[in-house]
Structures are given as C-alpha cells and as structure tokens.
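Dear colleague,

Please find the structure below for your records. My notes on what was found in it follow.

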Amino acid sequence: MTRKWDLTGIESWEAARYPVGISCPDAGNAVDYITGGWRSERPVWDAEKCKNCLICWINCPDSSIVVEQQQMTGIDLDHCKGCGICAQVCPFGALDMHLESEFTRGDA
Amino acid sequence: MAELTEIRWHARAGQGAVTAATLVAETALLQDKYIQAMPEYGPERTGAPLKAYTRVCDEPIEVHNNITNPQIVIVMDETLLPLVDVMEGITEDGAVILNTRMTPAEARAKLKAPSSVKVATVDATGIAIDTIKRDIPNTPIVGALSAVTGLVPVDKVKEKLVQTFGEKFSQAIIDANLESVDRAYKEVQVG
Amino acid sequence: MATQTTISATGNLLIAEAYRQVEPDVIAAYPITPQTTIVEAYAKYVADGRVHTELVTVESEHSSMSACIGASAAGARTATATSSQGFAYMYEELPIAAGMRLPIVMANANRAISAPINIHADHSDVMSARDTGWIMLFAEDAQDAYDNTVMSFRIAENPAVRLPVITALDGFITTHAMERAQLMDDETVKSFAGQYVPPEALLDTENPISVGMFAEDRFYTAGHLSTRRAIDGAASIIKEIGDEWGALCGRPFNAVNAYRCEDADYVIVIIGSAAGNVRHVVNELRDQGKKVGVASIRVYRPFPYQELAQAIGHAKAIGVMDRSESFGAQNGPLGLDVHTALYGQTQAPVRDYIYGLGGLDVTLDLIRQVYADLEETESIVPDPGVIYLGIN
C-alpha cells in the first residue's frame, strides 16, 4: 500500500490539507527527489576493469551504485550527484569522471 | 478583613530559620489556617544574615510580597543587632522575641523598643546546646513564640515537629527537639 | 469520586506532584535556579520507584528540549522544566517543538535574564516565547501552578491543538514559598489526563513517517498557518478543559480573572504572583469608595483579547503592569497586547508600568501609586511610553 502524498493541485490547496506539523506520512521518499541534475561530472564505469569489490558501493553517499546479486550492474544517474568519490576509491581504475558536457552534446 | 499575622525572622544562614518559619506555618495549617512561609532569597552562605517570613490567616492569603510591617519579629542571633535594623516597620502593638541571655528589660533598652511593643527573651542557644547538643536555636524559638503570642499551640507545634522530623531524623533527635520546645516555652521571659 | 487533600507545599513541589500523577513517559531536564526543586523532587519519585518515567539527565537545556522533541516525536508523553538562562539556551528548539506540533509540557520558573546576573523573579525569560507557537499559562500562586500543570497535558494533547504548553510560575515567590494548597487524588488526575495516544509516532513502525524535514516556502508557510489556526482555536478548548477541571476541583478557570471590574473606572492589568497584591489594594480602595478593579491574565498565549476588552473596555483609565521589557517597543509585552485588545474599543488612556524586575518587591504602596496615577491620568494626555516603578 502506498502512503505517498498525492500532491495534485497543491497550488490551490486549502491550508487544512497540509499535514499537521508538516510531517510526511511516507518515509523513504528520497528516491522521488531526482538529484542527478546537480551533476557537473559523471562517473563512467568500465565493466572490464571492475572486480566487484564493491568499495564504491560502500562509499557512495547517494546509494547510486546499482548492485544485483552482489554484482555491480551500473550507476543510478537519476540520483548520482557526480561527487567523484567512487572514482577516487576504486582500486582498479574502473571508474572515471567525465565532464557532463561531454554527454550533453547529443552524442552521449 | 480577616486577621493576618505576619512574622519576620532574622537569623544567620545555618541556624534553621527557614525550617522554623515553615514549622510555624505548617502548625497553623494543622489548625486549618491559610499560610505562607518563605525565605528572602539570595545566595546561601552559612553565617550570612538572612530574613525569612511567615504569614498566617483565617482566609486565603492574596499578597505575595515581602513582609515590611510584621506584628512579630524573631531574632535568632543577637549578634545581628548591630548589623540589621530588626525593629524596622514593626507594628505598634508588635512583639519581638530575641534569642539572648539578656533580660527583657535589657533587650528592650538595646532594641530601643517603644513600650507598646512586647519584648521577650529566651536563651534558645543555651537550650539548643543542652538538648540538641548543637547551636541550632530554631525549634526552641518556636516554643517561645508559642508561649509569647499564642499564634500556634505548643502541643500542635510538637505534633507537627514529630511529623516533619520523623521523615528524616532519629527518635533521639526528635526527642531532643521536643524537649527544647518545651523548655523554651517555659523559660521565655516577657517584659 | 474526586477527593482533595489540603497540604502545605511550594509551587515547585506541586508541579512535581502533578507530573507524578500524570506520569509522563519521558522527562528530560537540566537544573537551574529556581526550577531545580521540580526535577529534584521528580528524580526522587523515579528513584523510589513511584513512577516509571524515563528521566533523562542531559548536559544542558539545549539538550533537554532536543531530547523532549525526540521523545515526543517518537510518541511519548513528554515534560520538562527550566528557567531564565536555561530557557534562553533552549530557545532554538522552542519553535521546533511548536512547528512539529509536539505536545510537550514545560514548567518555567520565571526569572530575570542576564545582564546583569540576577536569579529572582520577573518575566524576561518566558516572554521571549510569546511568538513561538507555545501555549502559555501563568500561575498566580502554587495552587494555580498545580492546576495549570494538570490541565496543560490535556490542552497540549488535544487533537485539535497539538501544541506545546508552558506553565509559568514566578521564581521564588511562587516556586519556593510554601503555601496551603489542595492536592487532587491520584486516580482523579490520572483519569482526567487520560492515556496519551499520539496521532502519529516515529516508533509506530507499521506507519513509518518522516518528521522535522526541510520544507519549501509553500509548505513552510502552510505549517505556520496551521499553527496559527491551532493556537487561535485553542482558546475555546482551554476553556472547556479548564471548566472540566474546575468542576472536579471546585476552582473556577478563567483566561482573564477580572476582579471588581464591572463598574470600575480605574483598572490594572497584570500577570503572575503580584495579582493578589493588586486585589488586596483594590479591596482597600473599594472600602474608601473608589471604583477600582484588576484583571489578571492566566492564559497569555493565545491572548484573550475579547474577554479582556469586554471586562475592562469601559474603564476611564487603564494601567498595565509589565514584569518584563520589550526594548524599543512603546510598551512592555503585556502593554502591547492590552493596547491591541482595546484598539477601537475605547479612547481611555492606557499606561504601562514596568515593575518587579529582578525580584524587586511589589509593595502595596507601589500599587496604590499606580491607582492614584490613573485617577490623574484621566484628565491629561499621558506619555505613551513606560513608567518604571519602585527603583527610588
């Protein structure tokens, strides 16, 4: 059962519709906040060099290293802010930071 | 307006004036009176001069200020006399009870008390040292108060004392305090 | 059947007793004169096993209010107590408690704020909370302190209110003076206070929520509007709860205690322990044929504007006695509220007197002086500023 707020028409809400104390009856909602747009650099993953040590997964502050069955499968670019920690900690050079502009020319 | 009795206590911190002010108030409460008991608050330093207050009334007490015109002044330490104007604001028909070995006449001269004011003396310190074995003249002075003013009957004072001290002290200490009350009740002199 | 016992107790002890009877789940507090004996007494109840409250002895008031907020958000019935600099130190959290709509109950022993340092009674500390969203009840004596504390849990937790409540009592004068008071039996208080069922709670893992979050402008404003509506609406709920408690204990509850005001030409408005001193002088002056009255404010937030205007709007001159300053404003806090209450209701002069700061004794002569002043004020255009009483 979803307890997510339906924010439809919030512009015309009566004040009484806002929750008391502005508490949110929908814990774990950070996923709805797309922070990928904050990024100026993008991590690029080289699956060949990756040994699946998952040090990047431990260190990523935004839980943006996608792992399935203990294998890294990619990067969640909707939430990655491009901080570069993953590239910094990778012992195998499997992650590299690239200017976001490289990907926005249309040839990404 | 209902009779309101106001007492001002002069003592040094450590002599038990607040306990005495409270004992009188709580004894009056046993007789269904309305009461207030409070020290004049300040930094507590043993030996420092302090004042405390007791109010007793048949009706609820509305005022919550310091007592400036007491009917009864109690001085628990005669060495305060050069330091504090204990007679300040006392009512014309008031009473002063002084812990001293002086006679009432000597005390009256020293206090420059007008003849309309009753002056009573009691060696509360001597009684305390005899009975309680310490210079804490607070319970004897309450015995003297009872004898001089009749504000609280001495048997009720003792009843309250047993109740209050019973929570904290041994039977020997309670007995010593009861004896001190009785002795001061008998030995206080009025002049 | 409600049974009351006549006891002698200080205001602080009566607050501790009220807390013991209601038995909050959590009390987090830090000692400060003249509040200390509240928590000291309560700590003994905990040590003696008479209550099962989680007593959190924090390292500062900043932490005590933080702990209270956490406990209350978790769903616990929560209380604390403080005074003066401690109150100032927890100020950062006061609007948080109100904004998160947490029904925390707090006793404040009203005391001067530094500088200079002073430990005695005035309202300089507690008045700084008047814009925070906390409901503020003032006690005139130890009995009021008890009654207000018992009621404050019900007020705070009322589903239409959900706001924290300060029960304020004057430092030393009310906190430490021993007075005669009526203590209600435990069962009656417990059943009056009832069980607290939080409408939402962090510990309710079936229904996870997030609280205390960042909010953008519209949400932020909506939060304020919701608090505004709640505290305005609290006035009638406070009255209902006060009447319910009044029926049990036999002591009537009024947001404004108007005494001999009906036909009064000269009225004083006051808060706190000095109200009885004024009533005393009113009786004395009435015996001399003077038409005087006094209105004391028990519920300061939400302020009883209409009740006050109704009670005193007909007076020829009004004196407000303020026990704290609002530097740079025309009057002290109460003076400003009285002006607002009377706006458009009367042309009568309203004079604001600053009294009793730092415990300065409120003698009956000072009050007589105010009434004499008001009689003269009627025929002149008075200075709209404040008049300091009792420093000479």
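**The sheet in chain C and the nonpolar cores**

In this predicted model, 6 strands of chain C make up an open sheet with mixed pairing, ordered β9-β11-β10-β13-β14-β15. At its edges are β9 (256–259) and β15 (386–388) of chain C, each of which pairs on one side only. From one strand to the next, the twist averages 20°.

Within the sheet, strands β10 (residues 266–270) and β13 (residues 317–322) of chain C run parallel and are joined by 4 bridges. Val267(C) stands opposite Ile318(C), a residue of β13(C).

Two helices of chain C should also be noted. Helix α9 (residues 275–287) of chain C lies across β9, β10 and β11 (292–297) of that chain, at about 165° to β11(C). Helix α11 (residues 333–342) of chain C packs on the sheet, where it touches β10, β13 and β14 (350–354) of chain C, and its direction makes about 150° with that of β13(C).

As to the nonpolar cores, the largest has 191 residues, of which Ile97(B), Ala144(B), Val267(C) and Val269(C) touch the most other members. The most residues given by a helix or strand, 9, come from helix α1 (residues 17–30) of chain B. Because domain 1 (4–249) and domain 2 (256–388) of chain C both give residues to this core, it lies between them.

Beyond its neighbours within four places in sequence, Val269(C) is in contact with Ala295(C), Ile297(C), Ile312(C), Ile318(C), Val320(C), Leu334(C) and Val338(C). A second, separate core has 11 residues, among them Trp45(A), Met72(A), Cys80(A) and Ala94(A).

With kind regards

Definitions and conventions. Residues numbered from 1 in each chain as written. Chains lettered and ligands numbered in written order. Predicted model: local features only at pLDDT ≥ 70, side-chain atom pairs only at ≥ 80, totals over all residues. Pairing = 2+ DSSP bridges. Axes fitted to C-alpha atoms, helices over the stretch in contact; angles between N-to-C directions. Contact = placed C-beta atoms within 7 Å. Core = buried A, V, L, I, M, F, W, Y, C linked by C-beta atoms within 7 Å. Buried ≥ 20, exposed ≤ 12 C-beta atoms within 10 Å, placed from the backbone. Domains from an automatic or database assignment.
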